[in-house]
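Visitor: I am new to this protein. Could you show me how to read its features, one by one?

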Amino acid sequence: MQKPAHLIILFILFQAILFFPRAGTSHAFENAGNDKKLPDKALPHPDLTREEQEYLARKKTVKVCVDPSWMPFEAISDNVHVGMSADYLALISQKLGIHFQLVPTRTWVETLEKGKSRECDIFALAMATPERKTYMNFTEPYIVIPLVIATTKDKPFIADLPDIITQRLGLVRGYAFTEFLKKEYPEMEFSAYDTVHDGLEALEKNKIYGFIDNLTTISYEISHYFSSSLKISGRVNRNWHLSIAVRNDDPILFGILDKAVRGMESNAVKKIHSKWISVTYEHQFNYSLLWKIFAGISTVMILFLYRYHEINTFNRKLQELNMRLKESEESFRYLVDNAHEGIAVVQNKRLVYVNPGMCKMTGYDKDSLLNLESFLAIIAPEARETILANHLNRLAGKASPNRYESIFLKRDGSTYPIELTGVLISWNDHPATLNIVSDISERKAAEETVRFLAHHDSLTGLPNRYLLMERLEQSLAQARRSEQFLGVLFMDLNDFKQVNDTHGHDAGDMLLKEVASRLQALMRDSDTLARMGGDEFVALLPQVNGKSGIEALIARIDSALQSPFNIGKATVNSRASVGYSLFPENGGTAEDLLRTADQRMYHVKHTNKQGNCSQCT
């Protein structure tokens, strides 16, 4: 006997209500409360020296300074230290017997001043900077978070800071990354605020274009106070590495706390993070329409049950009831037949019911799908084992994900990503699974585009500064192991500003793309050509043949840029000043190599302007 269509639809709607969150309930973080109970298993006892053990026996109290307004990481509430860093210090206190005493402050700047004057022994959570290292030592980082840019909701996506170089941005006064950003972007205008909340209030009032801080804190503030007006619009290509900072005149305390941080057990760390940080994914769905439909269906079903209960007494109304039931079934079938998602019932590994959406998605007609020997024929080979296991577990009443992503196979052999929601049902009095399938090809393509833009220059398509630094660090590690040379070229176009002023910025953009194309043609597969911003390019050359190999490539670059560029109706000549550095001759770190190449480039550019360069590039 065929299963009535209205029962399928009713079950689908019930499942949709269970699996989709209500409208307006999205959030980024949930504060689990100021729970003082410590984990049962936290910090393993570090290998302390005898001197360190004697120090702990003498040192009864360690004075702590924190950021008074930086949730969920840390804050001062009613003169009590709260947040993630408070829980980390509680772990250390429990394991080592150290008593941490809070030194109250009103702002982060005041916290820094108390550290300089030695009123604090430690900062619970801080990032190392050259200036802070003059009075503090820093343990191994125990929290690493990315920097992001918040804007009002009407602002577009921001690929990187150079895209908004002319805009005023907000920062928290005294934070470590403020020092780095001002040094890296001296031409950018910044406004300083005492707290993240103050900065976001200024952003909401359009006093600044954007506000920069870490992802966790900005998400926390927006979800609690600014969800209707602000959003996260982009990422700064820099992470924030947070450590315990210890006064540098107390090396024994530093050694103890550094060992404590390094010895933190992963389970204890996960408990702290899950307590303070959780993420809920919000799906875009017309819940208002869903509830209206469900309300209507509920009314019909209540009426149906009532009529059925009264059937023995009111036989004369049977014909009217059957007519109403038929109309309801037709309405339910209309909903199923016109659903955008594919809907399928699987029983004994075969498809026993499919809607038109499933046929359209797979490329089969209905009869072909129902005649398949196994539903696995519409699943990509690499995904069949997982989906079959989930299907069998669900039939057996075992734990199985209700919703997950996988890959399906069309009739023509092409594959496509899907999201599948499956539940256990009874079909013709036997167990089966009801499956709702959504094609997520467009969503996956959009996610891939975002990932690409996060690591590449939007104009030229070349790797950006963030991706270059990743590859440079990897290449340096390889060069050290193999004891091979590694080269870095820093290139700056001569008179590029004149091209912009004479022919316009569109012409300047076209010139940058043409230059990038010619330079890329000179690179090997193992090389990386990146755009650093403006008219600056950097080439990473792993396994270069020493200085002679560097000079040979510079000569080829000079030759490649000699021919004029046809930019629209204009003909433009553009050459480049090139500086280089060589590992290990000019340094052993990425910063050393980039700085040396940059300095040499500026020397070449200055020599070119003086007109006394024998091999101007």
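Visitor: Let us start with a strand pairing. Which residue stands opposite Gly170 in β11?

Guide: This is a predicted model. In it, Gly170 faces Phe211 of β11. The two strands, β9 and β11 (residues 210-214), pair in the parallel sense over two bridges.

Visitor: How many bridges join β9 to β10?

Guide: Four bridges link β9 with β10 (residues 190-193), and these strands run parallel. Opposite Leu169 stands Phe190 in β10. Between the two strands, the chain passes through helix α5 (residues 176-184), and this β-α-β crossover is right-handed.

Visitor: Where do the side chains of a strand go?

Guide: In a regular strand they alternate between the two faces of the sheet. Take β9, residues 169-172. Leu169 and Leu171 point one way, while Gly170 and Val172 point the other way. All of them are buried.

Visitor: Now the edges of a sheet. What is the strand order in the open sheet of four strands?

Guide: The order is β19-β20-β18-β23, with antiparallel pairing. From one strand to the next, the twist averages 20°.

Visitor: Why is one side of β19 and of β23 left without a neighbour in the sheet?

Guide: β19 (528-533) and β23 stand at the edges, and each has a single partner strand, so one side of each has no neighbour in the sheet. For β19 that partner is β20 (residues 536-542), joined to it by five bridges in antiparallel fashion. Within this pair, Ala530 sits opposite Val538 of β20.

Visitor: Which strands are at the edges of the sheet β2-β3-β4?

Guide: That open sheet of three strands also has antiparallel pairing. Its edge strands are β2 (69-70) and β4 (80-82), each pairing on one side only. β3 (residues 74-77) and β4 are joined by three bridges and run antiparallel. Here Ile76 is opposite His81 in β4.

Visitor: On to helices. How does one describe two that pack together?

Guide: Two packed helices are described by the angle between their axes and the distance between the axes. Look at α18 (residues 505-522) and α19 (residues 546-560). Their axes come within 10 Å and cross at roughly 145°. The crossing of α18 and α19 is right-handed.

Visitor: Which residues of α18 and α19 meet?

Guide: From α18 come Arg518, Leu519 and Leu522. From α19 they meet Leu553, Arg556, Ile557 and Ala560.

Visitor: What about a residue in a loop? Is Asn586 buried or exposed?

Guide: Find Asn586 in the loop between β23 (576-583) and α20 (590-610). A residue counts as buried under 20% relative accessible area. Asn586 has 16%, so it is buried. Set aside its neighbours within four places in sequence, and Asn586 is in contact with Ser581, Asp592, Leu593, Thr596 and Arg600.

Visitor: Let us step back. How many helices and strands does the protein have?

Guide: There are 20 helices and 23 strands. The protein has 617 residues, and 47% of them count as buried.

Visitor: What share of the exposed area do carbon and sulfur atoms supply?

Guide: They supply 51% of about 31,700 Å².

Visitor: And how far apart in sequence are residues in contact?

Guide: Take contacts between residues at least 6 apart in sequence. Of these, 67% join residues at least 24 apart.

Note on methods: Residues are numbered from 1 along each chain as its sequence is written. This is a predicted model: local features need pLDDT of at least 70, side-chain atom pairs count only at pLDDT 80 or more; totals for chains, interfaces and linings use all residues. Side-chain values use heavy atoms; hydrogens and water are left out. Buried means under 20% relative accessible area, exposed over 50%, partly exposed in between (1.4 Å probe, protein chains only). Contact means heavy atoms within 4.5 Å. Accessible areas come from the Shrake-Rupley method with a 1.4 Å probe; for residues, only the protein chains shown count as cover. Two strands pair if DSSP finds at least two bridges between them. A crossover is right-handed if, with the strands pointing away from the viewer, the path from the first strand over the helix to the second runs clockwise. Axes are lines fitted to C-alpha atoms, for helices over the stretch in contact, and angles run from 0 to 180 degrees between N-to-C directions. A crossing is left-handed if the near helix is turned anticlockwise from the far one by less than a right angle, and right-handed if clockwise.
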